[in-house]
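Let us take a walk through this complex together, one chain at a time. Keep the 3D view open as you read, and turn it whenever a new element comes up.

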Amino acid sequence: MDQTLVTQVLFFASLREAMKIGSLKLTLTKPVTVQNLLMMIAGQSDRFAAALAERELLVAINEQLAGQQDTVKPGDTVALFPPVTGG
Amino acid sequence: MMTLINCRIQTEDFALAEEYQALVRQDCGAVVLFSGLVRDQFRPDSVSSNSIDPNNIDQLQTLELEHYPGMTERSILTIAEQAARRFDLRAVSIIHRVGILPVGEQIVLVGIAAPHRLDAFAACEMLMDYLKNEVPLWKKAHFRQSAEWVEAKAADKNALQRWEQPK
């Protein structure tokens, strides 16, 4: 039986402001790459597409920094954000 | 040798004297404390204080610090453990403030207690370099007339290279 789990995607800082939302939920039926996940989100609205396209993005899967080719599994928490500027 | 790691994310200020006392121990000959502050900044140009025309210059009021709760603490612990594997350290304290911080406020503290100063200085620098590149914190600069997210600096990214070579 297929197990479908909700994948939460979080946005921070300038990306959060450009998206005008702090998070969204996606239902994945199978693992996808980060790159595919970005395309799925960009496909939801022109605003999302523009927000994701117009800046350098870092990604974390389950609170660990990851790359565009890494795999997101159903149920994972993904965070997207611009390069960090703390310290 | 075990290293005690203390990591806090908080809106409140911190007291350097207290943090220093918490790091001091009998087997350590060195304590290094670094504190980062919100510094005065002006737009469009950085100018010296005696040539400001108040009509043309926009002055920084506050920095707003946003973070990713959970991952922030986890990534700070990770970099502290990396530093503790690389250098001979007995205690590490990292405090990062979040929220709205006016000019002059303390933002961050990195404190190291080690038997010898070379390890303490190096670990402190390494931790600040990693804090600026791998911990999910972002600064938004609120000026009198405008606000903008601070851009990551290439110099901060390049600074990581010195830690990638073998010791």
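The paragraphs below go from confidence to chain B, then to chain A, and finally to the place where the chains touch.

A word on confidence comes before anything else. What you are looking at is a predicted model, and the predictor assigns the complex an ipTM of 0.93 together with a pTM of 0.91. For chain B, the mean pLDDT is 92, with 90% of its residues at 70 or more.

Let us begin with chain B as a whole. Its C-alpha trace spans about 60 × 35 × 35 Å along the principal axes. Five helices and nine strands make up its secondary structure, and if you trace the chain along the sequence you will meet them in the pattern β-α-β-β-β-α-β-β-β-α-β-β-α-α. Of its 167 residues, 31% count as buried. Look also at how the chain folds back on itself: among the contacts in chain B between residues at least 6 apart in sequence, 75% join residues at least 24 apart.

Now find the open sheet of four strands in chain B, which has the order E1-E5-E7-E2 and mixed pairing. Strand E1 (4-10) and strand E2 (30-37) of chain B are its edges, each pairing on one side only. On average, neighbouring strands here are turned by 5 degrees against each other, direction ignored. Inside the sheet, strand E5 (residues 91-97) and strand E7 (residues 106-114) of chain B run antiparallel and are joined by six bridges. A good spot to check this pairing is B:Ile94, whose bridge partner in E7(B) is B:Val110.

Helices pack on this sheet too. Helix H2 (residues 71-86) of chain B touches E1 and E5 of chain B, and its direction makes about 150 degrees with that of E1(B). Helix H3 (residues 117-134) of chain B lies across E2, E5 and E7 of chain B, and it runs at about 145 degrees to E7(B).

Next, turn to strand E4 (residues 58-67) of chain B and follow its pairings. Two bridges connect E4(B) with strand E3 (residues 42-43) of chain B in an antiparallel arrangement, and there B:Phe42 stands opposite B:Gln59. E4(B) is also antiparallel to strand E8 (residues 137-143) of chain B, with seven bridges between them. With strand E6 (residues 99-102) of chain B, E4(B) pairs over four bridges, again in the antiparallel sense. Which residue of E8(B) stands opposite B:Glu64? That residue is B:Lys140, while in E6(B) B:Glu64 faces B:Ile100.

Let us move to chain A. Here five strands form an open sheet, ordered E2-E1-E7-E4-E5, and the pairing is mixed. Its edge strands, each pairing on one side only, are strand E2 (23-28) and strand E5 (64-66) of chain A. Neighbouring strands of this sheet are turned by 30 degrees against each other on average, direction ignored. At the E5(A) edge, three bridges tie it to strand E4 (residues 58-61) of chain A, and the two run antiparallel. Look there for A:Val59, which stands opposite A:Ala66.

Chain A also offers a helix pair to study. Two packed helices are described by the angle between their axes and the distance between the axes. The axes of helix H2 (residues 34-42) and helix H3 (residues 46-53) of chain A come within 7 Å and cross at roughly 140 degrees. Because of that crossing angle, H2(A) counts as oblique to H3(A). A:Leu38, A:Ile41 and A:Ala42 of H2(A) make the contact with A:Phe48, A:Ala49 and A:Leu52 of H3(A). By class, this contact has six nonpolar residues, no polar ones and no charged ones.

From there, step over to A:Met19 in helix H1 of chain A. Is A:Met19 buried or exposed? It counts as buried, because it has 21 C-beta neighbours inside 10 Å, and the cut-off for buried is 20 or more. Leaving aside neighbours within four places in sequence, A:Met19 is in contact with A:Phe11, A:Phe48 and A:Ala51. A:Asp46 is 27 residues from A:Met19 in sequence, and their C-alpha atoms are 10.0 Å apart.

Finally, bring both chains into view. At the interface, 14 residues of chain A are in contact with 21 residues of chain B. On the chain A side, helix H1 (13-19) and strand E7 (77-81) each supply at least two residues. The chain A residues that touch chain B divide into nine nonpolar, four polar and one charged.

Terms used:
Residues numbered from 1 in each chain as written. Chains lettered and ligands numbered in written order. Predicted model: local features only at pLDDT ≥ 70, side-chain atom pairs only at ≥ 80, totals over all residues. pLDDT = per-residue confidence, 0-100. Pairing = 2+ DSSP bridges. Axes fitted to C-alpha atoms, helices over the stretch in contact; angles between N-to-C directions. Buried ≥ 20, exposed ≤ 12 C-beta atoms within 10 Å, placed from the backbone. Contact = placed C-beta atoms within 7 Å. Nonpolar A, V, L, I, M, F, W, Y, C, P; charged D, E, K, R; others polar. Parallel < 35°, antiparallel > 145°, perpendicular 65-115°, else oblique.
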